[in-house]
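Here is a quick walk through one protein model, with a look at how its helices and strands fit together. Have the structure open while you read.

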Amino acid sequence: MHVIFISDLDGTLLGQTDFRFDEIKDAIIELVATGISLIPASSKTKPEIENFCRSLGVDLPFICENGAALVNSHFLHPQDGQDSALTDSHTLGRDPKILLAEWQNEIPDTLRELCTFLDDMETSKQQTILGLECEALVRAMDRSHSALFTFHGTAADFGALQEQVEKAGLMVQCGGRVCSLSAQHDKASYHHIIRQIMADERNAPILVGFGDAPNDVSMLQSCDIACVIPRPDSQPLILPEPPQMLVQAEIPAPLGWLESARQALDLIEQKYGEQNG
């Protein structure tokens, strides 16, 4: 059976404020070396996730900008002879200029006034909000399929915004720091493709999801095992429709990621080891 880890990055695998993962880097490399496939799935841009892969020292397939694109799918190693519409890259995202034009035309002024896009801010303000600077900030702002913004209204206002956005054929998703405007896709949009690529004649792949924020909910709920990582500054994420197997890490990222990964592997061994015993 093939185990696939599909993981958010910021606040899940990477530290909430320092974005580091040094403490678990060797353990991640060891897990990948055992045959586990790791697929980062993040609101981060393609350049940001490529930089993460360089830091890890491993080439990985990944999902960027909240499901806008699945990149490097050839690293998932489809079975020989399998006919796959599975090209190297799959894209559901749309150009930010088109997204913003539709936003301007379709979203009421009263709701748009509650949103401030980061592209309209000074660099110093972007740095404060994202906790990034220099090249890291440039990579974060190099968005091909989404636009980041902060929201300044009430929960009711945000509900009204989401309703209008959906009517316009767009989507708003919120991570740990900012919201993003995009086409209608999310981190779970490629799960059917991943399952198709990784299936073999005997077993379906096992998808293990890792997340900490609202934009991870769909991804976690469509996996076989969901691993929820706590955030230091808020209540743990609640999944309205969790899968049968759910892991709640007790400590934040990055160590919480490794803790939940090991618990998920134990659950897999208990379930499938008994079946094969």
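At what angle do helix α2 and helix α6 pack, and how far apart are their axes? Keep in mind that this is a predicted model. In it, α2 (residues 46-56) and α6 (residues 134-141) pack at about 130 degrees, and their axes are 6 Å apart. Anything from 115 to 145 degrees counts as oblique, so α2 and α6 are oblique to each other. On the α2 side the contact uses P47, E48 and N51, and on the α6 side A136, R139 and A140. Sorted by type, the residues of this contact are three nonpolar, one polar and two charged.

Helix α6 also meets α5 (residues 123-130). Here the axes come within 11 Å and cross at roughly 85 degrees, so α5 and α6 are roughly perpendicular to each other. From α5, the residues involved are T123, Q126, Q127 and L130, and they meet C134, L137, A140 and M141 of α6. This contact divides into five nonpolar and three polar residues, with no charged ones.

Here are the two helix pairs next to each other:

| Helix pair | Angle | Axis distance |
|---|---|---|
| α2 and α6 | about 130 degrees | 6 Å |
| α5 and α6 | roughly 85 degrees | within 11 Å |

Now for the strands. Five of them form an open sheet in the order β2-β1-β10-β11-β12, paired in parallel. Why do β2 and β12 each have one side without a neighbour in the sheet? Both β2 (37-40) and β12 (245-248) stand at the edges with a single partner strand each, so one side of each is left free of a sheet neighbour. On average, neighbouring strands of this sheet are turned by 20 degrees against each other, ignoring direction.

Take one pair from that sheet: β10 (residues 206-211) and β11 (residues 225-228) run in the parallel sense and are joined over four bridges. Within this part of the sheet, G211 stands opposite V228 in β11. Helix α8 (residues 191-198) packs on the sheet too, where α8 touches β1 (3-7), β2 and β10. The direction of α8 makes about 155 degrees with that of β1.

One last stop is S182, which is found in strand β9 (residues 179-183). Is S182 buried or exposed? Its relative accessibility is 1%, so S182 counts as buried. Setting aside neighbours within four places in sequence, S182 is in contact with L99, H145, S146, L170, M171 and Q173.

Definitions and conventions
Residues numbered from 1 in each chain as written. Predicted model: local features only at pLDDT ≥ 70, side-chain atom pairs only at ≥ 80, totals over all residues. Heavy atoms only, no water. Pairing = 2+ DSSP bridges. Helix = DSSP H or I, 4+ residues; strand = E, 2+ residues; numbered from the N terminus. Axes fitted to C-alpha atoms, helices over the stretch in contact; angles between N-to-C directions. Contact = heavy atoms within 4.5 Å. Buried < 20%, exposed > 50% of the residue type's maximum accessible area, 1.4 Å probe, protein only. Parallel < 35°, antiparallel > 145°, perpendicular 65-115°, else oblique. Nonpolar A, V, L, I, M, F, W, Y, C, P; charged D, E, K, R; others polar.
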